[in-house]
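Dear colleague,

I am handing over the structure that we spoke about, and below it I have set out what was found. Please read the notes with the coordinates open beside you.

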Amino acid sequence: MDQTPKEVAIEFPYFRIYKDGTIDRIYGDPTVPPSPDSETGVRSKDIVISPGSETSARIFLPKISDPTRKLPLLVYYHGGAFCIGSAFSPTYTHYAASLAEEATALVLSVHYRRAPEYPLPTAYEDAWEAIQWAAAHCGGNGPESWINQYADFERVFVGGDSAGATLAHNVVLRAGVDGLSGPRIVGMTLLHPYFGNDKPDKLLEVIFPSYGGPNDPRVNPVNDPNLGRVGCDRVLVFVAEKDFLRDRGWSYCEALKKSGWSGVVEIVETEGEDHVFHLFNADSEKAKALMKRTASFLNQVQAHI
């Protein structure tokens, strides 16, 4: 048997690609099961969005005393540089369940196909498919009963962190440019968005074959001529002081204000913290403050009766 080591062609912190085309993921992909029968807190279950792809989701329903009550619906995209992370991981399950409880909101946490096995823009298309799937429940006849029964389609939000925030922006922009059948998206929340700047991104050059360089609007929206057509009324952006992406979040907010967009954008900076600190130190006071601010954002629109 040939024991000759395979030659590495490309290596990043998340994966390595060998010259024979095979891929090794450096990190594992831990998952936890949903909790469909929880009577004391947030229930969750896994659903398939597209049988033809790997697009799926975990949906979270908080405990409510009135079964006729309608809840804000947040469609959420996890981060992980488009390469790692999962809606089914312990980290994102805990975050989504905590947010559903804090905001008393229905949270649809989307699992999209990841690079490098599925190069970008596959994740962008999966993200768009997910919001279309959710919107198809607007008349109360969609395939997911919790969305049919509990979602208030006057209060639909889109959010994400890191690369998931990049996906969220592109979804809401596409809704504004191309239109979204059914509900209008009310707001968007972006946590430590992974936007580009004027420097090339070596990871994107590998995982995004059609990447157009530093000014590609799909990853660097500040110069996008369509930025003013973002399809929601309110945007909330979080940045962290020690995050290398901090300035890009600020630049996005400034560009949005100057784009002709008629909505309201707010930005919140957390001092002394780094990228997605709230996921890895969820019990800290600063993480709890971020959670409360997000929950408040999801509830600033009056409930639809």
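To begin with one pair of residues, F60 stands opposite V107 in β7. Please bear in mind throughout that this is a predicted model, and that the values I quote were computed from it. The pair belongs to a longer match, in which strand β5 (residues 56-61) and strand β7 (residues 106-111) run antiparallel to each other and are joined over five bridges.

Both strands are part of an open sheet of eight strands, whose order is β4-β5-β7-β6-β8-β9-β10-β11 and whose pairing is mixed. The edges are formed by β4 (43-48) and β11 (264-270), each of which pairs on one side only. Between neighbouring strands of this sheet the turn is 20° on average, with direction ignored. Helix α8 (residues 285-298) lies across β6 (71-77), β8 (151-161), β9 (185-191), β10 (234-240) and β11, and its direction is at about 175° to that of β10.

Turning to the helices, α2 (residues 122-135) packs against α4 (residues 163-178) at an angle of about 60°, the axes being 9 Å apart. That angle makes α2 oblique to α4, and the crossing of the two is right-handed. On the α2 side the contact is made by A123, Y124, E125, A127, W128 and I131, which meet T166, L167, N170, V171, R174 and A175 of α4. Sorted by character, the residues of this contact comprise eight nonpolar, two polar and two charged.

Some backbone details may deserve your attention when you prepare the model. Two peptide bonds are cis: the one from A115 to P116, with omega near 5°, and the one from L120 to P121, with omega near 15°. P116 is found in the loop between β7 and α2, and P121 is likewise placed in the loop between β7 and α2.

Positive phi values also occur in two residues that are not glycine, namely S162, at about 55°, and H192, near 50°. S162 lies in the loop between β8 and α4, whereas H192 is in the loop between β9 and α5 (202-207). Are these residues buried or exposed? S162 has a relative accessible area of 8% and is therefore buried, the cut-off for that class being under 20%; H192, at 1% relative accessibility, counts as buried too.

With best regards

Conventions: Residues numbered from 1 in each chain as written. Predicted model: local features only at pLDDT ≥ 70, side-chain atom pairs only at ≥ 80, totals over all residues. Heavy atoms only, no water. Axes fitted to C-alpha atoms, helices over the stretch in contact; angles between N-to-C directions. Helix = DSSP H or I, 4+ residues; strand = E, 2+ residues; numbered from the N terminus. Parallel < 35°, antiparallel > 145°, perpendicular 65-115°, else oblique. Left-handed = near helix turned anticlockwise from the far one by under 90°. Contact = heavy atoms within 4.5 Å. Nonpolar A, V, L, I, M, F, W, Y, C, P; charged D, E, K, R; others polar. Pairing = 2+ DSSP bridges. Buried < 20%, exposed > 50% of the residue type's maximum accessible area, 1.4 Å probe, protein only.
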